[in-house]
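Here is a structure to work through in short questions and answers. Each answer reasons briefly and ends on what was asked.

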Amino acid sequence: CGIFGVIGVTDAANFVALGLHALQHRGQEAGGIVSYAPGEGFNSARRFGYVRDNFTKQSLMETLPGALAIGHVRYSTAGSKGAAIRDVQPFFGEFSMGGAAIAHNGNITNAEALRRELIERGSIFQSSSDSECIIHLMARSLQRDIPSRMEDALRRVEGAFSVVAMTRTKLIGVRDALGVRPLVLGKIGDGWCLSSETCALDIIGAEYVREIEPGEMVVITDEGVESTRPFRSRKSRFCIFEHVYFSRPDSIIGGRSVYETRRQIGVELAREAPVEADLVCPVPDSGTPAAIGYAHESGIPYGMGIIRNQYMGRTFIEPTEQIRNMGVRLKLNVNRALIKGKRVILVDDSVVRGTTSRKIKEMILDAGAAEVHFRIASPPTAWPCFYGVDTPQREKLLAATMSEDEMCEHLGVDSLKFISLDGLYRAAGEAEGRNDKAPQYCDACFSGEYPVEPADMIEKGFKL
Ligand code: SF4
């Protein structure tokens with residue numbers, strides 16, 4: 001999901017809409033905005049579909065007045081797929097000291113246990129979303145102010161959370177102790193903003209200030225930014241897949257350009273897995289920088305052998321397998337004139353179920369390619385993510401049941417190579433590669449080493 005919040009600017013909701021538009025790649029199912037204005041109170045709007053189709057209408061934006069607003073774009077991971085509007089964030093709660101709205105990116109790994117406990121103690125849930133637990137935990141806290149209630153609530157929550165919240169006078173941002181999901185602070189005029197990624201600061205002309213640190217809470221008012229560390233400090237385990245796929249290439253993470261990391265992945269891949277070929281083609285869009293890096297390092301010409309229809313969503317994010325299967329040809333088409341007769345290296349970000357890769361291979365061969373070699377910008381995805389990226393159950397992951405050679409045969413390609421974990425870490429700026437004793441990132445979907453125990457899933461029988 002993508003989250004964004006602004007304080008201290010006129011018509012803050014318009015800025016939030018623009019920020020959410022820049023974060024649309026993080027969630028395309030639905031979006032919501034809550035704003036506050038003295039005399040008007042809290043107002044909210046939640047809609048299915050793209051931000052540009054909803055939050056550009058003047059008639060709707062006029063209902064969201066005020067200099068303080070937060071928003072969320074939803075990507076269904078926890079909660080029901082094809083969600084009801086009641087699952088669309090931000091969520092709102094009314095407390096004795098006033099109202100508060102929250103928007104959450106990530107996944108709460110003990111949400112089911114918390115939900116059971118809260119329902120037994122009288123909470124009435126409105127949605128199927130794991131994030132709603134935070135509001136109910138806040139309601140049960142005995143603290144006298146909302147930031148302290150949030151602290152109380154988030155101490156009970158396990159998993160990955162970047163949260164943007166607001167009261168009548170405060171914009172609040174929090175990251176979990178491992179900093180699995182991103183959150184950055186920006187400055188706009190006399191106001192401030194919080195965003196999942198820096199690309200959303202650029203769109204509103206805000207200046208990047210810094211990342212919210214793992215385990216940090218910032219409370220922003222007219223007086224400025226106050227920072228506290230309510231959670232036990234732990235070594236950061238940022239999601240390495242944000243570098244590979246999830247974040248936009250024009251965002252900066254940890255002082256490093258996502259584009260540059262992806263290009264460097266291609267360089268590492270070319271060193272680790274060279275092959276004789278005539279053309280390096282990206283599977284657009286997230287494979288593009290890695291393909292550029294591969295072509296540069298290998299000296300093999302780069303070409304746009306696959307063209308993406310810009311008006312379709314991203315395959316990975318669509319909720320059902322049926323839609324995903326239909327989607328490939330609607331989204332991607334082969335540039336026949338370029339491909340015909342060539343030995344083609346296809347660079348893609350990941351192989352998850354393998355269905356998309358197979359279809360792409362068929363399209364390339366149908367177009368007359370002489371050979372097809374897959375080079376993948378992430379290690380084999382052999383484990384599901386429980387921290388907010390929608391990977392399928394383990395049995396459906398190709399790499400969970402097949403070796404690299406078996407996957408190559410299954411996909412029917414001339415060769416298939418994945419970047420090594422060390423190569424990926426080097427590309428992300430870790431010159432020595434992965435520190436196996438204390439990994440610098442979360443890489444559980446590749447390594448099976450989960451930095452936070454997925455309690456709900458273990459209860460359901462998931463084996464680590
Ligand atoms: Fe990111 Fe993978 Fe960790 Fe999920 S399991 S947070 S996708 S690195």
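Q: Is Arg343 buried, partly exposed or exposed in this predicted model?
A: The model is predicted. Buried requires under 20% relative accessible area, and exposed requires over 50%. Arg343 has 24% relative accessibility, so Arg343 counts as partly exposed.

Q: Which residue forms a salt bridge with Arg343 with the closest N and O atoms 2.9 Å apart?
A: A salt bridge needs a side-chain nitrogen within 4 Å of a carboxyl oxygen. At 2.9 Å, the pair meets that cut-off, and the partner of Arg343 is Asp278.

Q: How many residues apart in sequence are the parts that Asp278 and Arg343 tie together?
A: Asp278 lies in the loop between H9 and S17. Arg343 lies in strand S20. The pair therefore ties together parts whose separation in sequence is 65 residues.

Q: Is Asp278 buried, partly exposed or exposed?
A: Partly exposed lies between the 20% and 50% limits. Asp278 has 27% relative accessibility, so Asp278 counts as partly exposed.

Q: What is the N to O distance in the salt bridge of Arg343 and Glu276?
A: Glu276 sits in the loop between helix H9 (258–272) and S17, and Arg343 in strand S20 (residues 343–348). The two are 67 residues apart, so the link joins distant parts of the chain. Their side chains meet with an N to O distance of 3.7 Å.

Q: Is Glu276 buried or exposed?
A: The cut-off for exposed is over 50% relative accessible area. Glu276 has 63% relative accessibility, so Glu276 counts as exposed.

Q: Which residue meets Arg175 in a salt bridge?
A: The structure holds 25 salt bridges. One of them joins the side chain of Arg175 to a partner at 3.9 Å, N to O. That partner is Glu211.

Q: Why does the pair of Arg175 and Glu211 tie together separate parts of the sequence, and how many residues apart are they?
A: Arg175 lies in strand S8, and Glu211 lies in strand S11 (residues 207–211). The pair joins these two strands, so the parts tied together are apart in sequence by 36 residues.

Q: Is Arg175 buried or exposed?
A: Buried means under 20% relative accessible area. Arg175 has a relative accessible area of 3%, so Arg175 is buried.

Q: Which residues are linked with Arg26 in a network of salt bridges?
A: The network includes a second arginine and two glutamates. The residues linked with Arg26 are Arg181, Glu197 and Glu242.

Q: Which strands stand at the edges of the parallel sheet of four strands?
A: The sheet is open, with the order S17-S20-S21-S22. Its twist averages 20° from one strand to the next. Each edge strand has a single partner strand, so one side of each is left without a neighbour in the sheet. The edges are S17 (279–282) and S22 (415–418).

Q: Which residue in S22 is the bridge partner of Arg375?
A: Strand S21 (residues 371–376) and S22 pair in the parallel sense over four bridges. Opposite Arg375, the bridge partner in S22 is Lys417.

Q: What is the order of the open sheet of six strands?
A: The pairing is antiparallel. The edge strands, S5 (91–95) and S13, each pair on one side only. Neighbouring strands are turned by 20° against each other on average, direction ignored. The order is S5-S6-S7-S8-S12-S13.

Q: Which residue in S13 stands opposite Val218?
A: Strand S12 (residues 217–221) and strand S13 (residues 224–228) pair in the antiparallel sense over five bridges. They form a hairpin with two residues between them. Opposite Val218 stands Ser227.

Q: Which residue in S8 stands opposite Ala165?
A: Strand S7 (residues 159–166) pairs with strand S8 (residues 171–175) in the antiparallel sense, over five bridges. In S8, the residue opposite Ala165 is Ile172.

Q: How far apart are the C-alpha atoms of Ile124 and Arg375?
A: Ile124 is found in the loop between helix H4 (111–120) and helix H5 (132–140). Ile124 and Arg375 are 251 residues apart along the chain. Their C-alpha atoms are separated by 49 Å.

Q: How far apart are the C-alpha centres of domain 1 and domain 2?
A: Domain 1 covers 2–236, and domain 2 covers 259–429. Their C-alpha centres lie apart by 34 Å.

Conventions: Residues are numbered from 1 along each chain as its sequence is written. This is a predicted model: local features need pLDDT of at least 70, side-chain atom pairs count only at pLDDT 80 or more; totals for chains, interfaces and linings use all residues. Side-chain values use heavy atoms; hydrogens and water are left out. Two strands pair if DSSP finds at least two bridges between them. Domain bounds come from an automatic or database domain assignment. Axes are lines fitted to C-alpha atoms, for helices over the stretch in contact, and angles run from 0 to 180 degrees between N-to-C directions. Buried means under 20% relative accessible area, exposed over 50%, partly exposed in between (1.4 Å probe, protein chains only).
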